[in-house]
Amino acid sequence: MDYASLIEKRRERFAEVETLITDPDLFSDQKKASEIMREHRRLKELLEMWDTLASARTNLAENQELAKEDDPEIVELAEMEIPELKETIEDLSEKVQYALLPRDETEDRDALIEIRAGAGGDEASLFAGELMRMYERHSDSRGWKVEHLESSPSEVGGFKEVILKVSGEEVFRYLKYESGVHRVQRVPATETQGRIHTSTCTVAVLPEADEVDLVIKKEDLHIQATRSGGSGGQHVNTTDSCVQITHLPTGLQVKCQDGRSQTQNRELGLQILRAKLFEAKVREEAEKYSAQRKSLIGSGDRSEKIRTYNFPQSRVTDHRIGHTSHNIEGILSGSINEFTDNLMKAEMEHRLADAGLE
């Protein structure tokens, strides 16, 4: 497909955005200014890739002509550069295709990661703690900031539930593939006969919701303070600082006790509630996508087993794309890029087909 006409439209839009960012009034609205600056960055990257691609194609054509010359030295030099130029063209062509796709409005957002221990009792709660640390380390490697919004520790040192907020550049774009059931297979420390046990945890990755995304009416909320239960998070005390918020129209409940005060827990709870309600809204929109894409981005079906961590064989398998890694220690240390990259590639291929940009 000839992308020249699409690129020309992007050049025109880039010129418009260049004008917009010179207007001092733009920055009086920080949200709009951030959106415009992100669009400027994306368009600039796309146009630079396109120009580099065009240059590589020209160089390839010239080298292929030089390879037909009678001078052996010229032919050798030309042929040496051809493989690298072909690789560059293939890589940039793919990136340009993806950059031309319509943007998902949630991709640039921060994300909330909700990890819940599932089947497996204590072993599941320990695994929930390992998944939490995996996402913390992965976020650190990308320069993202991680905040603990809520947690419910288990008696054995793991977590029954934990909610993290991850802030940074394009967080939801990369973390959205983690939603679903994560299964672990290993011999628990308490197992005396060496039998392998299977436990599960559910991960839900929610795009952070702004107040403008949806309106939550005060009369639709029932907010009550309760005494903090269990050992709780590091700041929990014995006062009535725990806040439980119920969204009456949906029956959705959020409980928050990790904050330093009732006021802070109320704000954290509303933040979590807003993200959950926004996710439901996004999930409805996701029904418009192809079934294959929905399975890749885990949009809603939290009961679907997406990944298995097999300790005896040091194997991690993502069942959506059939990709297996034999580096379980590296994966649990935060190196999940190989899964993210392959899932992103598979999703993009389907989106290209849907958009007719193959």
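Is E16 buried, partly exposed or exposed? E16 counts as partly exposed, because its relative accessibility is 45%. For that label the value has to lie between the limits of 20% and 50%. A word of caution before going on: what you see above is a predicted model.

Let me stay with E16 for a moment. Its side chain meets that of R13 in a salt bridge, with 3.0 Å from N to O. The two residues are three apart in helix α1, so about one helical turn separates them. R13 is also given as partly exposed, because its relative accessibility is 26%.

Helix α1 takes part in another such contact. R11 and D51 form a salt bridge through their side chains, at 2.8 Å from N to O. R11 belongs to helix α1, residues 4-20, and D51 to helix α2, so this pair ties together parts that lie 40 residues apart in sequence. As for exposure, R11 has a relative accessible area of 31% and is partly exposed. D51, at 40% relative accessibility, is partly exposed as well.

Now further along helix α2, which covers residues 30-66 and contains E62. E62 counts as partly exposed, because its relative accessibility is 45%. From E62 to A78 there are 16 residues in sequence, and their C-alpha atoms are 8.5 Å apart in space.

That leads to helix α3. It spans residues 72-100, and E79 is found in it. E79 has a relative accessibility of 44% and so counts as partly exposed. E79 is also part of a surface patch of negative charge, together with E69, D70, D71, E73 and E76.

Next, the strands. How many of the seven residues of strand β1 are buried? Five of them are, so β1, residues 111-117, is largely enclosed by the rest of the structure. Strand β1 has two partners to mention here. With strand β3, residues 159-167, it runs antiparallel, and six bridges join the two. In that pairing, I115 stands opposite V162 of β3. With strand β5, residues 197-207, β1 is again paired in the antiparallel sense, this time over seven bridges. There, E114 has A204 as its bridge partner in β5. As background, side chains in a regular strand alternate between the two faces of the sheet.

After the strands comes helix α4, residues 122-142, where D122 is located. D122 is partly exposed, because its relative accessibility is 48%. D122 and G158 are 36 residues apart along the chain, while their C-alpha atoms are separated by 7.6 Å.

Back to charges. In general, side chains of opposite charge can pair when their charged atoms come close. How many salt bridges does a search of the whole structure find? The search finds 22.

One of these joins E178 and R307, whose closest N and O atoms are 2.8 Å apart. E178 sits in the loop between α5 (171-175) and β4 (180-186), and R307 in strand β9, residues 305-310, so the contact ties together parts 129 residues apart in sequence. Are these two residues buried or exposed? E178 is buried, because its relative accessible area is 1%. R307 is buried too, with a relative accessible area of 0%. There is also a network: E114, R116, E161 and K276 are joined into one by salt bridges that share partners.

Two backbone details remain. E170, in the loop between β3 and α5, has a phi near 55°, which is a positive value in a residue other than glycine. E170 counts as buried, because its relative accessibility is 11%. The other is S314, in the loop between β9 and β10 (315-318). Its phi is near 45°, again positive in a residue other than glycine. S314 is partly exposed, with a relative accessible area of 26%.

To recap three points to look for in the picture above. The negative patch includes E79. Strand β1 pairs antiparallel with β3 and with β5. The salt bridge of E178 and R307 links parts 129 residues apart in sequence.

Note on methods: Residues are numbered from 1 along each chain as its sequence is written. This is a predicted model: local features need pLDDT of at least 70, side-chain atom pairs count only at pLDDT 80 or more; totals for chains, interfaces and linings use all residues. Side-chain values use heavy atoms; hydrogens and water are left out. Patches are made of residues with over 30% relative accessible area and no salt bridge: like charges are joined within 9 Å, nonpolar side chains (Val, Leu, Ile, Met, Phe, Trp, Tyr) within 5 Å. Accessible areas come from the Shrake-Rupley method with a 1.4 Å probe; for residues, only the protein chains shown count as cover. A salt bridge is a side-chain nitrogen of Lys or Arg within 4 Å of a carboxyl oxygen of Asp or Glu. Lys and Arg count as positive and Asp and Glu as negative; His and the chain ends are not counted. The place of a charge is taken as NZ of Lys, CZ of Arg, CG of Asp or CD of Glu. Helices (H or I, at least four residues) and strands (E, at least two) are DSSP runs, numbered from the N terminus. Buried means under 20% relative accessible area, exposed over 50%, partly exposed in between (1.4 Å probe, protein chains only). Two strands pair if DSSP finds at least two bridges between them.
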